[in-house]
Amino acid sequence: MSKQQAISPGKNFFAGGFGGVCLVFAGHPLDTIKVRIQTMPVPGPGESPLYRGTFDCFKQTLAKEGFKGLYKGMAAPIIGVTPMFAVCFFGFGLGKKLQQKTPDDVLTYPQLFAAGMLSGVFTTAIMAPGERIKCLLQIQAAKGEVKYAGPMDCVKQLYKESGIRGIYRGTALTLMRDVPASGMYFMTYEWLKRLLTPEGKSPNELSVPSVLFAGGMAGIFNWAVAIPPDVLKSRFQTAPEGKYPNGFRDVLRELLREEGVASLYKGFTAVMLRAFPANAACFLGFEMAMKFLNWAAPGL
């Protein structure tokens, strides 16, 4: 196998940011649908649900709001996701570097999982407020009432209503979602990269289809772990103030009582449909940016 490229958390930071932009463009429409399905009101007796499923929600959104409706609230994730993925890939690079005794060490899968978990801790500080704002903007469009004029207005109002705590509401749930899911995400990607690398080649020389496949599957494995805490988080972050005094335990109890275990996998189709193309685009963007950075600044 040819010599592996030394890990550079700094390069990971810039390449991860570019990967994040690619991910938002590829995945935002299905993210809007996922949040709308997860937060739609429970139908009363004899009423039919607001959306019959992923494709119905897609059709209704297109019919009522046009193509732009699918990209509602995208400014917040672009502003949040670019630094978030930069920090995420930086955390993973740092986690790998901390576990290497020499730059040529090839890490084991548990070590890669641990490095991925570290990246999940890093990203939560940026992720929690960004997610809260995104969810609130996405559901207000679906409800038809406009409380917030945009992301900055949303931050101002939340801060006025309940201080910094209002902006960071749902942080514990974001940690519960992102720490194990990030471990799974990066471990799966590295595992598939190694699996798809031809004999005698380096994983850094993978073809575009292989990178897309490994990145897409990493996204699917990530969300398989992340969906239940994500459903709880969407509910908790969009609920009226004081509805769940004991935090996620109350949300979990209510969901299980009213809608059963299956409700923890609400939005599963939309998540999985989005996970593959969005994360394939993300890792392809990351690898391309990495190649450019290694060419432009080999010594960094």
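A residue is called buried when its relative accessible area is under 20%, exposed when that area is over 50%, and partly exposed in between. In the predicted model described here, T102 has a relative accessibility of 39% and therefore counts as partly exposed. T102 is found in the loop between α3 and α4, and although T102 and A6 are 96 residues apart in sequence, their C-alpha atoms are 9.4 Å apart in space.

The annotated spans of the chain were considered next. For the feature "transmembrane region", the unreviewed UniProt entry gives residues 12–30, 74–94 and 106–128. Over residues 12–30 the model is 100% helix and 0% strand, with the end C-alpha atoms 27 Å apart, while over residues 106–128 helix makes up 87% and strand 0%, and the end C-alpha atoms are separated by 33 Å. The unreviewed UniProt entry also lists "repeat: Solcar" at residues 7–98, 107–195 and 206–292. In the span 107–195 the chain is 87% helix and 0% strand, and the end C-alpha atoms are 15 Å apart; in the span 206–292 the helix content is 78% and the strand content 0%, and the end C-alpha atoms lie 15 Å apart.

Within helix α1, which covers residues 9–39, attention was given to D31. The relative accessibility of D31 is 5%, and because this value is under 20%, D31 counts as buried. When neighbours within four places in sequence are left aside, the residues in contact with D31 are K134, Q138 and R274.

Two residues of helix α6, V179 and P180, fall on either side of the cut-off for burial. V179 has a relative accessible area of 15% and is therefore buried, whereas P180, at 30% relative accessibility, counts as partly exposed. Leaving aside neighbours within four places in sequence, V179 is in contact with M117, G120 and V121, and P180, treated in the same manner, is in contact with F113, M117, L175 and V225. M117 therefore appears in the contact list of V179 and also in that of P180. As for distances between C-alpha atoms, V179 and V21 are separated by 21 Å and are 158 residues apart along the chain, while P180 and L192, which are 12 residues apart along the chain, are separated by 18 Å.

Helix α8 was then examined for its length and for the placing of its buried residues. This helix holds 12 residues, 248–259, and at 1.5 Å a residue it should span 16 Å, a value that agrees with the 16 Å between its end C-alpha atoms. The buried residues of α8 are D250, V251, E254 and L255. Seen down the axis of α8, these buried residues fall within an arc of 130 degrees, so they line one face of the helix. Such an arrangement can be read from the geometry of helices, because an α-helix has 3.6 residues a turn, so residues three or four places apart point the same way. What covers the buried residues of α8 includes α7, which runs over residues 208–238. After α8 comes G260, whose phi is positive, near 80 degrees.

The final part of the analysis concerns enclosed space. Rolling a probe the size of a water molecule over the atoms shows where empty space is left. A search of the whole structure finds 2 cavities of 30 Å³ or more, and the largest cavity has a volume of about 530 Å³. The largest cavity is lined by 31 residues, and those that lie nearest its centre are M84, F85, M127, E131 and R177. The elements that give two or more residues to this lining are α1, α3 (75–99), α4 (109–143), α6 (171–196), α7 and α9 (268–296). Of the elements in the lining of the largest cavity, α3 gives the most, with 7 residues.

Note on methods:
Residues are numbered from 1 along each chain as its sequence is written. This is a predicted model: local features need pLDDT of at least 70, side-chain atom pairs count only at pLDDT 80 or more; totals for chains, interfaces and linings use all residues. Side-chain values use heavy atoms; hydrogens and water are left out. UniProt positions are given in the numbering used here, feature names are shortened, and annotations may be inferred rather than shown by experiment. Helices (H or I, at least four residues) and strands (E, at least two) are DSSP runs, numbered from the N terminus. Buried means under 20% relative accessible area, exposed over 50%, partly exposed in between (1.4 Å probe, protein chains only). Contact means heavy atoms within 4.5 Å. The expected span of a helix is 1.5 Å times one less than its number of residues. The arc is that of the directions from the helix axis to the C-beta atoms. On a 1 Å grid over the protein atoms alone, a cavity is a set of points where a 1.4 Å probe fits but cannot get out, and a pocket is an open set with protein on both sides within 12 Å along at least five of seven lines; lining residues have an atom within 4 Å of a point. Grid points are joined across faces, edges and corners, and a volume is the space filled by probe spheres set on the points.
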